[in-house]
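User: Please take a close look at the aromatic residues in this model. I would like one connected account of how they are arranged and what lies around them.

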Amino acid sequence: MHLYIHVPFCARRCSYCDFAIAVRREVPARAFVDALLSEWTAWQSHSAWLASPVIETVYFGGGTPSRLEANSFATILGRLRQDREMAPAAEITLEANPDDVSAEAAEAWSRAGINRVSLGAQSFSAQVLEWMHRTHTGSQIEAAHHTLRAAGFWNTSLDLIYALPASLQRDWPADLERALALEPAHLSFYGLTVESGTPLGRWTGRGECIPLADEQAADEFLYAHRRLEAEGFEHYEVSNAAKPGLRARHNSAYWERKAFLGLGPAAHSAFGAIRAWNVREWEEYRRRTEARRSVRAESETLGETQVALEELYLGLRTTNGIPASKLRGPVAASWQAEGWAMEAGGRLSLTLQGWLRLDALVASLTHC
């Protein structure tokens, strides 16, 4: 079993963010831990959970999990270990903002059992960080990474966002160089997307912000691939690269469609074809757990066609691809003829050009 724990609290909302967050000056850590463990208790008798007792990975995402009191993680992880077997080499990841990292916090995270930290860097540019509504500086990213290494965290990841509006004059190669200079074990790079209801969505709707042209966004993606490969990283998933042996095991479980349990507001769970998700807002989540009511918002069971498409979409995100037998005939042949896919060892995987068209290629299968 793989666990995702959603910690919704943030100091402010980033300009591009449409995630389920709760902006709070003071984080209600005790109330959150109590609510989370109440939901965890309710899951202990679930049939799907009983069939998979060993916890292989835990991922604290958000929101900004690093805003929780450091001892909260010891409480949560201690309870998980008390109720279920934790694999000896379990990967336990914490997403952290650079300005939340201190020597004291890093040491407390390590004592609790966290062994992997993903830093939300996004950029090192002061202008870009201000535009994004981030709360840290470029120098804080570097200081935070050094602090983590001093506390014994060798398995670190950095997040960067590319394809920013040309008006920002962001230097993408310079950002990559500053990230690589820190020698992280893993690097994630995501293309900026415009979501309705966000500040970025409103700026774009009013014509105040013009998205980067697709060709330029593709150039930045391809540049990152070349630069990371040159530094010994394996570009193993469309948005992720890692040093050999250090791929993100938790996220890989999603792409391999393994069972996972989500705890916290808006968290999703999946068992085979079953999907379930929690209520989105923190206050509603808290009220329900206090009243010992279910926090589930909705659930669904995917049909065979939906499962097949999900397998294709998730598999094609990775260099491992899919069994070639899953997609034969004129579609696979045309993809290979266009240079978007290749077949080797009985598996079909996308090329870099295919990854750039991933969503459109999989969407086209619904019309076949």
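Analyst: One aromatic cluster is made up of F9, F32, W282 and Y285. This is a predicted model, and the aromatic pairs in it number 14.

One of these pairs joins Y162 and F221: the ring centres are 6.3 Å apart and the planes meet at 40°, so the pair is classed as tilted, since that class covers angles that are neither under 30 degrees nor over 60. Y162 belongs to strand β7 (residues 156-162) and F221 to helix α9 (residues 214-230), and the pair links parts of the chain 59 residues apart. Y162 has a relative accessibility of 11%, so it counts as buried, the cut-off being under 20%. F221 also counts as buried, because its relative accessibility is 2%.

F221 has a further ring partner in F189. Here the centres lie 5.9 Å apart with the planes at 40°, so this pair is tilted as well. F189 is located in strand β8 (residues 186-191) and F221 in helix α9, so the contact between the rings ties together parts that are 32 residues apart in sequence. Both residues of this pair, F189 and F221, are buried. The ring of F221 in α9 is thus paired with Y162 of β7 and with F189 of β8.

Another ring, that of F233, has a charge over it: the charged end of K243 sits 5.0 Å from the ring centre.

Returning to the cluster, its member F9 is also touched by T64, whose other contacts beyond four places in sequence are V7, C10, N97 and D100. T64 lies in a loop, between β4 (55-62) and α3 (71-83). Is this loop residue buried or exposed? With a relative accessible area of 5%, T64 is buried, because the cut-off is under 20%.

For a buried position with a different set of neighbours, take V307 in helix α12 (residues 304-316). V307 has a relative accessible area of 16%, so it too falls under the 20% cut-off and is buried. Beyond four places in sequence, V307 is in contact with R257, A273 and L302. R257 is 50 residues from V307 along the chain, and their C-alpha atoms are separated by 9.8 Å.

Key. Residues are numbered from 1 along each chain as its sequence is written. This is a predicted model: local features need pLDDT of at least 70, side-chain atom pairs count only at pLDDT 80 or more; totals for chains, interfaces and linings use all residues. Side-chain values use heavy atoms; hydrogens and water are left out. Helices (H or I, at least four residues) and strands (E, at least two) are DSSP runs, numbered from the N terminus. Buried means under 20% relative accessible area, exposed over 50%, partly exposed in between (1.4 Å probe, protein chains only). Contact means heavy atoms within 4.5 Å. Rings of Phe, Tyr and Trp (its six-membered ring) pair if their centres lie within 6.5 Å; planes under 30 degrees apart count as stacked, over 60 as edge-to-face and the rest as tilted. A charge sits over a ring if NZ of Lys or CZ of Arg is within 6 Å of the ring centre and within 35 degrees of the ring normal.
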